[in-house]
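Here is a set of questions and answers for a reader who is meeting this structure for the first time. Please look at the sequence and the model before reading on.

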Amino acid sequence: NLRYQVEMADSGKYQINAKLSELIYINEIETVSMKSVNALIIDKDNEKIIITSDKAIFNSSSYMTEFNDNIKIIFLKNIITSEKLEFNFNENVITISENIMYKGLNTTIKADNIKIDLITKNIEVFMDNPNNKIELKSEK
């Protein structure tokens, strides 16, 4: 079992846990390969984002984290599933890609990418090819 907890510059917290982990060094930087991963991001307003995945790579120097395989993100009353998520700790941005399904209160969205700014709370949904359409389904 491994657990890292980091205080964020804007008074938030980032915590990541794994059932299995292995320390590896890439360019003399300690990197942690993780399996069965749970992460929690809490912002200054105490709003939470919960991330689970089968795998993750965590850079213990920059706190940048790449989650892979069977990802589930829960925030507010929304659930996003995908196969890849990158958390850029320095920019406070989450980028989600590969097989995305977004389920909100009454809406389901299929897209190639979702970008979440953790400071402004802005969410950008877009396709790799701008000629392709985002699938939006409203449920009543």
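Q: Is Leu76 buried or exposed?
A: This is a predicted model, in which local features need pLDDT of at least 70, side-chain atom pairs count only at pLDDT 80 or more, and totals for chains, interfaces and linings use all residues. Residues are numbered from 1 along each chain as its sequence is written, and side-chain values use heavy atoms, with hydrogens and water left out. Buried means under 20% relative accessible area, exposed over 50%, and partly exposed in between, with a 1.4 Å probe and protein chains only. Because its relative accessible area is 60%, Leu76 is exposed.

Q: Where does Leu76 lie, and what is its phi?
A: Leu76 belongs to the loop between strand E5 (65-75) and strand E6 (78-88), where strands (E, at least two residues) and helices (H or I, at least four) are DSSP runs numbered from the N terminus. Leu76 is not a glycine, yet its phi is positive, near 50 degrees.

Q: Which class of accessibility does Lys121 fall into?
A: Lys121 lies in the loop between E8 and strand E9 (123-126), and its phi is positive, about 70 degrees, although Lys121 is not a glycine. Because its relative accessibility is 38%, Lys121 counts as partly exposed.

Q: Is Asn113 buried or exposed?
A: Asn113 is found in strand E8, which covers residues 107-117. Its relative accessibility is 8%, so Asn113 counts as buried.

Q: Which residue shares a side-chain polar contact with Asn113?
A: A polar contact is a pair of N or O atoms within 3.5 Å; within protein, one must be able to donate a hydrogen and the other to accept it, and residues adjacent in sequence count only if both atoms are side-chain atoms. Leaving aside neighbours within four places in sequence, Asn113 is in contact (heavy atoms within 4.5 Å) with residues including Ile96, Glu124 and Asp128. The polar contact of Asn113 is 2.7 Å long, and its partner is the side chain of Asp128.

Q: How many strands does the protein chain have?
A: Read along the sequence, the pattern is β-β-β-β-β-β-β-β-β-β. The protein chain has zero helices, and its strands number ten.

Q: What is the radius of gyration of the protein chain?
A: The C-alpha atoms fill a box of roughly 50 × 30 × 25 Å along the principal axes, and 37% of the 140 residues count as buried. The globule rule (2.2 Å times the number of residues to the power 0.38, with the radius taken over C-alpha atoms) gives 14 Å for 140 residues, so the protein chain is as compact as a globular protein of that length, with a radius of gyration of 15 Å.
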